[in-house]
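Here are a few exercises to work through with the model on your screen. Try each task yourself before you read the solution.

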Amino acid sequence: MDSSNGKRKHRGYLTWTDKMDWALLDVLVEHHNNGNHTANGWKPHAYSAAVKNVREKCNVEITRDHVLSRCKTFDKHCSTISKLLDRSEFGWDRNKNMIVIHNEDAWKVYIQVGYTNSLLLFLTGIRF
């Protein structure tokens with residue numbers, strides 16, 4: 001608790017919207033294409049540009065920590081999608097920009113084997 005006013009401090013949780021994601025991704029793609037992504041992550045000015053772009057386009061107060069957290073979420077999603085696409089039963093539809101299932105029973109088998117992940121429950125809504 002904050003002793004000055006008796007209220008709990010807010011940890012700064014942020015709910016990301018699609019519009020915020022796109023504003024962030026626009027900057028990250030631009031900086032990636034300009035070579036501002038290294039093996040250790042993004043260069044500091046890429047984070048600053050991302051924060052500025054999301055603030056301006058979405059009228060929301062975010063920080064570098066919010067961007068770092070969202071990038072970690074993106075990494076987890078990409079890892080899950082990559083693992084799914086490594087399996088022959090799944091593929092990528094370039095026209096629809098989404099995962100497709102080549103075998104109707106593939107999803108049931110995938111879940112039964114224990115590859116469940118909360119992201120996978122929402123695959124039909126993923127767009128890139």
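**Exercise 1. Glu61 and its partner**

Task: Decide whether Glu61 is buried or exposed, and find which residue forms a salt bridge with Glu61.

Solution. Keep in mind that you're looking at a predicted model.

Step 1: Glu61 has a relative accessible area of 60%. The cut-off for exposed is over 50%, so Glu61 counts as exposed.

Step 2: The salt-bridge partner is Arg55, and the closest N and O atoms are 3.4 Å apart. That fits the limit of 4 Å for a salt bridge.

Step 3: Now check Arg55. Its relative accessible area is 35%, which makes Arg55 partly exposed.

**Exercise 2. The overall layout**

Task: Work out how many helices and strands the protein chain has, and in what order the elements run.

Solution.

Step 1: Count the elements, and you get four helices and four strands.

Step 2: Start at the N terminus and walk along the chain; the order reads α-β-β-α-α-β-β-α.

Step 3: Look at how much is hidden away. Of the 128 residues in the protein chain, 30% are buried.

Step 4: Turn to the outside. The accessible surface comes to about 9500 Å², and carbon and sulfur atoms hold 49% of it.

Step 5: Take the contacts with a separation of 6 or more. Residues 24 or more positions apart account for 45% of them.

**Exercise 3. A buried arginine**

Task: Locate Arg70, say whether it is buried or exposed, and find which residue forms a salt bridge with Arg70.

Solution.

Step 1: Arg70 sits in helix H3, which covers residues 64-85.

Step 2: With a relative accessible area of 16%, Arg70 is buried, because the cut-off for buried is under 20%.

Step 3: Leave out residues up to four places away in sequence, and Arg70 touches Trp16, Asp21 and Leu24.

Step 4: One of those is the salt-bridge partner: Arg70 pairs with Asp21, with the closest N and O atoms 2.8 Å apart. Asp21 belongs to helix H1 (residues 18-33), so this pair ties together parts that are 49 residues apart in sequence.

Step 5: The two side chains are also joined by a polar contact of 2.8 Å. Both Arg70 and Asp21 are buried.

**Exercise 4. Another link to helix H1**

Task: Find which residue forms a salt bridge with Asp26, and work out whether Asp26 is buried, partly exposed or exposed.

Solution.

Step 1: The partner is Lys57, with 3.8 Å between the closest N and O atoms. Asp26 is in helix H1 and Lys57 in helix H2 (residues 44-58), so the pair links distant parts of the chain, 31 residues apart.

Step 2: Asp26 has a relative accessible area of 41%, so it's partly exposed. Lys57 is partly exposed too, at 43%.

Step 3: A search of the whole structure gives five salt bridges, among them Asp26 with Lys57.

**Exercise 5. Rings and a loop**

Task: Find how many aromatic pairs there are, which residue lies over the face of Tyr47, and where Ser88 is.

Solution.

Step 1: Searching the whole structure turns up zero aromatic pairs.

Step 2: Tyr47 does have a neighbour over its face: Arg64, at 4.4 Å from the ring centre.

Step 3: Ser88 is in the loop between H3 and strand S3 (90-93). Its relative accessible area is 64%, so Ser88 is exposed.

Step 4: Finish with a distance. Ser88 and Ala106 are 18 residues apart along the chain, and their C-alpha atoms are separated by 9.4 Å.

Methods: Residues numbered from 1 in each chain as written. Predicted model: local features only at pLDDT ≥ 70, side-chain atom pairs only at ≥ 80, totals over all residues. Heavy atoms only, no water. Phe/Tyr/Trp six-rings, centres within 6.5 Å; stacked < 30°, edge-to-face > 60°. Lys NZ or Arg CZ within 6 Å of the ring centre and 35° of its normal. Helix = DSSP H or I, 4+ residues; strand = E, 2+ residues; numbered from the N terminus. Buried < 20%, exposed > 50% of the residue type's maximum accessible area, 1.4 Å probe, protein only. Polar contact = N/O pair within 3.5 Å; in protein donor to acceptor, adjacent residues only side chain to side chain. Contact = heavy atoms within 4.5 Å. Areas by Shrake-Rupley, 256 points an atom, 1.4 Å probe, with all protein chains shown as cover. Salt bridge = Lys/Arg side-chain N within 4 Å of Asp/Glu carboxyl O.
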